[in-house]
Amino acid sequence: MKITLNVNGNLHEINIDPGDYLLEILRDLGYKSVRRSCHSASCGTCTVLVNGKPILSCSTFAASVDGQTIETVEGLSQGEKLHPIQEAILEEGAAQCGYCIPGIVLTGEALLRENPEPSDDDIKLALNGNVCRCTGYESQNRAIKKAAEAMRGDDYE
Amino acid sequence: MLSNVKEYFRPKTVEEAFEMMEADREHSIFLSGGTIVALMGSSRIERIIDLKSLRLDSVSIKEDEIVVGATTTVEAFRKDPLMRKEFGDFFYDSFSLVGSWQIRNMATIGGSIAPKLGWSDVSACLLATGAGLMVYGPDGYRRIMLSDYFALPAGEKPLITHIIIKKDGWVSAFEKFSKTTFDIATVNVAISVRPERGRIKAARVVCGSRPQYPMRFETIENALEELEINDVMPSIVRSLVFDNFTGGSNMLASFEYRKHLASVMAQKAAEKIKEMVR
């Protein structure tokens, strides 16, 4: 079957099998930031934004998002300039092996769009579906808060 | 990839969706949020019938009832301004404990009820609010209570189109115990009471993940009638739940552990209700 996906502003018309998951299709299209980990809707590593909302691409049928807008980490940075959440993750040492980071960045981005001034509890609630086995989460929570401050600042474009 | 899937349908009407299911029930499945279907990974599934094309994803008010489209996501439901206005923080807080943010953006209210999952926090909370369902089956549309839906014979699978919740002034609270913040419940408890002059005039007490599907405990509900809502009330609720809990054991917990947890969760829920009523 044929579907259309708008991924990071790029329109893709593709043929898929009806049972294909979004994760597989995005990786086939070259969006390698979208990673498989648990494949049981438990870890958040495969998170992408569909119409601005974080979802799990490992458990979403590609056919079910036909015609919708999808964002991956590839769409966040502008050339060499990293997104404020990516910058903050680097500055706070919030990535070690880095495998879970695309999911965390996108969930954080969705949170800050919805709530530009999140409390610690808001961040914990938003990120509780993103499992990280390296950092212990505190540095990631700090990074989201730091990015929020940067994104609220006048110098943020 | 769900490898045996050969067809993917997007019906435009409820009737069309049901006919598609009836055409080959053995190999077909309704897709609402999709989390259950994807995780089942069943080789039996050859035909997916996507219900999102039905656009049953709105929350509206009709006289004294809130009518929720079955494909409304759990997250949209908990954040809906109408739900917050009519039910305060009950659904907002309770459903924040359902899975993760990602899962709540995918899972739907109807899809959380339809598979009759034992651990469903959504079902437990809705049972406590006395929710009804609009379903479509071989005889057309009919309205049934959620508790009756759970009692339907295994072969009878009508399509849930709407969830109907009365705005009746009941006060509700929910508590859940799980191993991690987004794990399924080891046990969950939802309690609703109709307060009148400082006493419980009527109550609904629901325990879920027993591990069977959530059910009301009428013996406890009857015992709570006319009970004064005071500092002692929560401990009475705890004792009643401990003495009357029915359920079983599975790999998550033994019956004895569940009974203890359920009683503690019930006490916590009753504490919340006490504070709200006061």
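Domain bounds here come from an automatic or database domain assignment. This is a predicted model, and I will begin with chain B.

The assignment splits chain B into domain 1, residues 7-52, domain 2, residues 59-166, and domain 3, residues 171-277. Taken over C-alpha atoms, the centres of domain 1 and domain 2 of chain B are 19 Å apart. Their contact involves eleven residues of domain 1 of chain B and 13 residues of domain 2 of chain B. On the domain 1 side, α1 (14-23) and α2 of chain B each supply at least two residues. The most comes from α1(B), with three residues. By class, that side of domain 1 of chain B has six nonpolar residues, four polar and one charged.

Next, the sheet in chain B. This is an open sheet of four strands in the order β9-β10-β11-β12, with antiparallel pairing. At its edges are β9 (171-177) and β12 (215-216) of chain B, each pairing on one side only. Between β9(B) and β10(B), residues 187-196, there are seven bridges, and the two strands run antiparallel. One bridge to look at on the screen links B:F177 with B:V187, the latter in β10(B).

Two helices of chain B lie across this sheet. Helix α8, residues 121-128, lies across β9, β10, β11 (199-208) and β12 of chain B, at about 15 degrees to β10(B). Helix α12, residues 255-277, lies across β9, β10 and β11 of chain B, at about 35 degrees to β10(B).

Now the two chains together. How many residues of chain B are in contact with chain A? The count is 25 residues of chain B, against 25 residues of chain A. On the chain B side, the elements giving two or more residues are β1 (7-9), α2 (35-40), β3 (47-50) and α6 (101-106). Of these, α6(B) gives the most, with five residues. The chain B side divides into twelve nonpolar, nine polar and four charged residues. Note that α2(B) appears both here and on the side of domain 1 of chain B that touches domain 2 of chain B.

Last, a helix pair in chain A. Helix α4, residues 120-127, packs against helix α5, residues 138-152, at an angle of about 115 degrees, with the axes 10 Å apart. The crossing of α4(A) past α5(A) is right-handed. From α4(A), the residues A:D120, A:I123, A:K124 and A:L127 meet A:Q140, A:N141, A:I144 and A:K145 of α5(A). This contact has three nonpolar, two polar and three charged residues.

Conventions
Residues numbered from 1 in each chain as written. Chains lettered and ligands numbered in written order. Predicted model: local features only at pLDDT ≥ 70, side-chain atom pairs only at ≥ 80, totals over all residues. Pairing = 2+ DSSP bridges. Contact = placed C-beta atoms within 7 Å. Axes fitted to C-alpha atoms, helices over the stretch in contact; angles between N-to-C directions. Nonpolar A, V, L, I, M, F, W, Y, C, P; charged D, E, K, R; others polar. Left-handed = near helix turned anticlockwise from the far one by under 90°.
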